[in-house]
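Q: Please take a close look at the disulfide in this model. What does it join, and what lies around it?

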Amino acid sequence: MALATLLTACGFDPAGSKPWEPPAVYREWWSATEACSGLAGNFDRVEWMIVPGESFDCASGRCVGHWEPGHRIYLAEDWSEHEMVVRHEML
């Protein structure tokens with residue numbers, strides 16, 4: 001509970017996270033996600049953040065990906081090439 005409160009009070013900012021330019025294949029994954037879900041969005045509005053390692057602390061425990069309001073997606077570096085992880089956060 002204390003972790004969830006801390007994350008809410010201070011904003012979400014996993015240790016070591018930094019802005020990141022996603023690979024070109026992410027645009028293909030974005031299009032596939034839009035087609036599959038029937039939803040649409042602007043890929044260029046997303047701010048991508050990479051977090052070193054295989055996971056990071058989040059409100060539910062340990063995460064490999066996390067979406068934040070304001071169009072920010074955090075990905076654990078070890079999972080940044082895993083299509084289903086990335087597409088889950090896109091959705």
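A: **The disulfide and its surroundings**

A disulfide joins Cys-58 to Cys-63, with an S to S distance of 1.9 Å. The model is predicted, and the structure holds one disulfide. The torsion about the S-S bond of Cys-58 and Cys-63 is about 65 degrees, so the disulfide is right-handed. Both of these cysteines are buried. Cys-36 is another matter: at 66% relative accessibility it counts as exposed, because the cut-off for exposed is over 50%.

Next, consider Ser-55. Ser-55 sits in the loop between strand S2 (47-51) and strand S3 (56-58). Setting aside neighbours within four places in sequence, Ser-55 is in contact with Arg-62, Cys-63, Val-64 and Ala-76. One of these contacts is therefore with a cysteine of the disulfide, Cys-63. The side chains of Ser-55 and Arg-62 are also joined by a polar contact of 3.0 Å. Ser-55 has a relative accessible area of 17%, and because buried means under 20%, Ser-55 is buried.

The disulfide also belongs to a wider nonpolar setting. Cys-58 and Cys-63 are members of a core of eight residues, which also includes Phe-56 and Tyr-74. This core lies apart from the largest nonpolar core, which has 12 residues, among them Trp-48, Ile-50, Leu-75 and Val-85. Helix H2 (25-37), S2, strand S6 (72-76) and helix H3 (83-90) each give two or more residues to the largest core. Val-85, one of its members, is in contact with Val-64, Leu-75 and Trp-79, leaving aside neighbours within four places in sequence. Val-64 appears among the contacts of Ser-55 too.

That leaves S2, the strand before the loop of Ser-55. S2 is mostly covered, with four of its five residues buried. S2 pairs with S6 in the parallel sense over five bridges; Glu-47, for example, has Arg-72 in S6 as its bridge partner. S2 also runs antiparallel to strand S1 (residues 18-19), to which two bridges join it. Here the bridge partner of Pro-19 is Met-49 in S2. In a regular strand the side chains alternate between the two faces of the sheet.

In short, the bond from Cys-58 to Cys-63 is made by two buried residues that share a core with Phe-56 and Tyr-74, and Cys-63 is in contact with Ser-55.

Terms used: Residues are numbered from 1 along each chain as its sequence is written. This is a predicted model: local features need pLDDT of at least 70, side-chain atom pairs count only at pLDDT 80 or more; totals for chains, interfaces and linings use all residues. Side-chain values use heavy atoms; hydrogens and water are left out. Buried means under 20% relative accessible area, exposed over 50%, partly exposed in between (1.4 Å probe, protein chains only). A polar contact is a pair of N or O atoms within 3.5 Å; within protein, one must be able to donate a hydrogen and the other to accept it, and residues adjacent in sequence count only if both atoms are side-chain atoms. Contact means heavy atoms within 4.5 Å. A nonpolar core is a set of buried Ala, Val, Leu, Ile, Met, Phe, Trp, Tyr and Cys residues joined through side-chain atoms within 4.5 Å. Two strands pair if DSSP finds at least two bridges between them. A disulfide is a pair of cysteine sulfur atoms within 2.5 Å.
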